[in-house]
Amino acid sequence: QQAPDAYIGRTARCVKCDAQAVITSSTPKPSPSAAPVPTPIFVPPAKPEFNAEPHRLEPALSRVHVRIIIGLLSFMLAAQLYGWTSTKSSGTKWEYWVESPEDEILNGRLSILGSAGWELVFARRASNEDKAQYEMVFKRPRP
């Protein structure tokens, strides 16, 4: 077969024998008076040595790799499900109470509020011009 001059020097595969070769030249157009001289387009490569062992294609991923990937995906799914369930709201409704007792009655008020189920969640010492007291925030589950 003939190849265009633009393909000279490139490697091609023969459609008949499936051999690879470099395209050397194209066959010139015969002149009407001269007999055509065949010019080979493909130079067949040397035959490879015979190898008695069949060629085995290795899979892209081995069984070990597949098991590792499945294990990691399972772990990530379990972590996501656990994270979703652990951060889910408990549904408890709270009520809050703000109290600012004077220092003289602070211990008594804490005992009364604690026995009524109130939990102290915030406290700070605040002072006015003439007296100091605590500002406290309590919470307890709504009945």
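## Contacts and overall make-up

Among contacts in the protein chain between residues at least 6 apart in sequence, 39% join residues at least 24 apart. The model is predicted. The chain has 143 residues, and 13% of them count as buried. Its accessible surface comes to about 12,600 Å². Carbon and sulfur atoms account for 59% of that surface.

Two helices and five strands make up the secondary structure. Along the sequence they follow the pattern β-β-α-β-α-β-β.

## Strand pairing around S5

Strand S5 covers residues 132–141. S3 is joined to S5 by six bridges, and the two strands run antiparallel. Glu95 has Arg140 as its bridge partner in S5.

S5 also pairs with S4, again in the antiparallel sense, over eight bridges. S4 and S5 form a hairpin, with four residues between them. Two bridges place the register. Ala126 is partnered by Gln133 in S5. Phe122 is partnered by Val137 in S5.

## Two residues of S5

Gln133 lies in strand S5. Its relative accessible area is 15%, under the 20% cut-off, so Gln133 counts as buried. Leaving aside neighbours within four places in sequence, Gln133 contacts Ser100, Pro101, Glu102 and Asp103. It also contacts Arg124, Arg125 and Ala126. Ala126 is thus both a contact and the bridge partner of Gln133.

Val137 is in strand S5 as well. Its relative accessible area is 23%, so Val137 is partly exposed rather than buried. Not counting residues up to four places away in sequence, Val137 touches Tyr96, Trp97 and Val98. The list continues with Glu119, Leu120, Val121 and Phe122. Phe122 is the residue whose bridge partner in S5 is Val137. Val137 and Ser100 are 37 residues apart in sequence. Their C-alpha atoms are 8.9 Å apart in space.

## Glu99 at the end of S3

Strand S3 spans residues 94–99, and Glu99 lies in it. Glu99 has a relative accessible area of 12% and is buried. Its side chain makes a polar contact with the side chain of Arg109, at 2.6 Å.

Arg109 is also one of the residues that Glu99 touches, when those up to four places away in sequence are not counted. The others are Leu113, Tyr134, Glu135, Met136 and Phe138.

## The aromatic pair

The structure holds one aromatic pair. The rings belong to Trp97 and Trp118, with their centres 6.3 Å apart. Their planes stand at 45°, so the pair is tilted. Trp97 lies in strand S3. Trp118 lies in the loop between helix H2 (106–115) and strand S4 (119–127). The pair therefore ties together parts that are 21 residues apart in sequence.

The two partners fall in separate accessibility classes. Trp97 has a relative accessible area of 40% and is partly exposed. Trp118, at 12% relative accessibility, counts as buried. Trp97 is also among the residues touched by Val137.

## Charges over rings

Arg125 places its charged end over the ring of Tyr134, 4.9 Å from the ring centre. Both residues recur in the contacts described above. Arg125 is in contact with Gln133, and Tyr134 is touched by Glu99.

Lys139 lies over the face of Trp94. Its distance from the ring centre is 4.0 Å.

Definitions and conventions: Residues numbered from 1 in each chain as written. Predicted model: local features only at pLDDT ≥ 70, side-chain atom pairs only at ≥ 80, totals over all residues. Heavy atoms only, no water. Buried < 20%, exposed > 50% of the residue type's maximum accessible area, 1.4 Å probe, protein only. Polar contact = N/O pair within 3.5 Å; in protein donor to acceptor, adjacent residues only side chain to side chain. Contact = heavy atoms within 4.5 Å. Phe/Tyr/Trp six-rings, centres within 6.5 Å; stacked < 30°, edge-to-face > 60°. Lys NZ or Arg CZ within 6 Å of the ring centre and 35° of its normal. Pairing = 2+ DSSP bridges. Areas by Shrake-Rupley, 256 points an atom, 1.4 Å probe, with all protein chains shown as cover.
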